[in-house]
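Let's go looking for empty space inside a protein. Have a look at the structure below, then follow along.

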Amino acid sequence: MGADRFGSLENRTILYTGAAGGLGLETTLELLRSGARVVAIDNDANKVAALLAAAEGLGGLTVAKLDLADLTGLRAGLQKLSAEVGGFDIVINNAAIYPSKPFEDYSIEEMQLVQRINVDAGIVCVQVALPHMKTTKRGRIINISSVTISGGWSDLTPYVQSKMALVGLTRSWAREFGKHGITVNAVAPGAFPTDAEKIHPDLAAYEKRIYEAQALQRRGAPGDIANILMFLASDAASFITGQTIHVDGGWYMH
């Protein structure tokens with residue numbers, strides 16, 4: 001991709017949740033190649049091991065295994081990390097869980113858990129990062145939403161609810177934080193071949209549905225997400241805020 005395409009991110013410190021996941025790994029590596037420091041929050045041991053192996057020799061990577069469901073522990077852990085690295089310049093709220101079953105089968109506790117991990121943890125991340133961003137008069141906050149917010153999606157009610165909540169936060173934060181030079185945007189990825197697709201019982205039928213829906217007749221690749229995140233994190237996107245950018249091959253057009 002060329003890590004300097006959108007300007008250097010050298011010496012920027014990025015807080016990135018779910019940074020070792022299917023769509024996180026490629027972006028994390030690109031950010032490191034650009035000279036950024038990445039504080040990766042991920043508690044999947046296998047994915048973290050793969051990230052550490054892929055990032056060997058790049059430098060600038062810190063991995064922290066924090067429980068996003070424990071908001072008190074998360075805040076304490078992030079405050080400690082922030083003090084160690086001198087504050088976070090960029091926050092990418094990416095981590096999410098995505099249970100799948102009919103709406104009536106969810107307990108309220110299950111609904112609340114999805115909200116806590118997918119939304120509330122991101123709120124904590126921003127609250128910890130915000131003082132440094134206000135001091136430096138620059139900041140980038142990027143929330144990872146989902147194609148499922150457009151038209152809804154069967155059996156994924158708490159996930160869709162959480163991803164739409166991130167769009168609302170994006171707009172509210174963009175309005176409130178703009179006077180401090182902070183931009184806030186959301187990215188809504190389409191259907192990418194990651195572990196998340198395993199919730200679909202008939203993958204062949206699911207992929208057929210994707211091709212029928214998309215304007216572009218190929219599957220999305222992690223690099224497609226890395227490109228937009230690198231752009232939004234950079235100075236090249238300094239006049240873009242409050243937007244939700246769909247990276248879905250033309251599945252939904254707005």
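**Gaps on the inside**

Start with Y16, L23, N94, I144, P189, I225 and L229: these residues line the second largest cavity. Keep in mind that this is a predicted model. That cavity has a volume of about 30 Å³. Sort its lining by class and you get six nonpolar residues, one polar and no charged ones.

How do we find such gaps in the first place? Rolling a probe the size of a water molecule over the atoms shows where empty space is left. When the whole structure is searched, two cavities of 30 Å³ or more turn up.

Now for the largest cavity, which holds about 60 Å³ of space. It's lined by 13 residues, and the closest to its centre are T17, N93, A95, I117 and N118. Two elements, α4 (108-136) and α5 (157-177), each give two or more residues to this lining. The top contributor is α4, with five residues. As for chemistry, the lining of the largest cavity splits into seven nonpolar, five polar and one charged residue.

Let's follow α5 a bit further. This helix has 21 residues and spans 30 Å from its first C-alpha to its last, close to the 30 Å expected at 1.5 Å a residue. Which residues of α5 are buried? They are P158, Y159, V160, S162, K163, L166, V167, L169, T170, W173, A174 and F177. Try spotting some three or four places apart: an α-helix has 3.6 residues a turn, so residues with that spacing point the same way. And what do the buried residues of α5 pack against? Their partners are β4 (90-93), α4, β5 (139-144), β6 (182-189) and β7 (244-247).

Terms used:
Residues are numbered from 1 along each chain as its sequence is written. This is a predicted model: local features need pLDDT of at least 70, side-chain atom pairs count only at pLDDT 80 or more; totals for chains, interfaces and linings use all residues. Side-chain values use heavy atoms; hydrogens and water are left out. On a 1 Å grid over the protein atoms alone, a cavity is a set of points where a 1.4 Å probe fits but cannot get out, and a pocket is an open set with protein on both sides within 12 Å along at least five of seven lines; lining residues have an atom within 4 Å of a point. Grid points are joined across faces, edges and corners, and a volume is the space filled by probe spheres set on the points. Helices (H or I, at least four residues) and strands (E, at least two) are DSSP runs, numbered from the N terminus. Ala, Val, Leu, Ile, Met, Phe, Trp, Tyr, Cys and Pro count as nonpolar, Asp, Glu, Lys and Arg as charged, and the others, Gly among them, as polar. The expected span of a helix is 1.5 Å times one less than its number of residues. Buried means under 20% relative accessible area, exposed over 50%, partly exposed in between (1.4 Å probe, protein chains only). Contact means heavy atoms within 4.5 Å.
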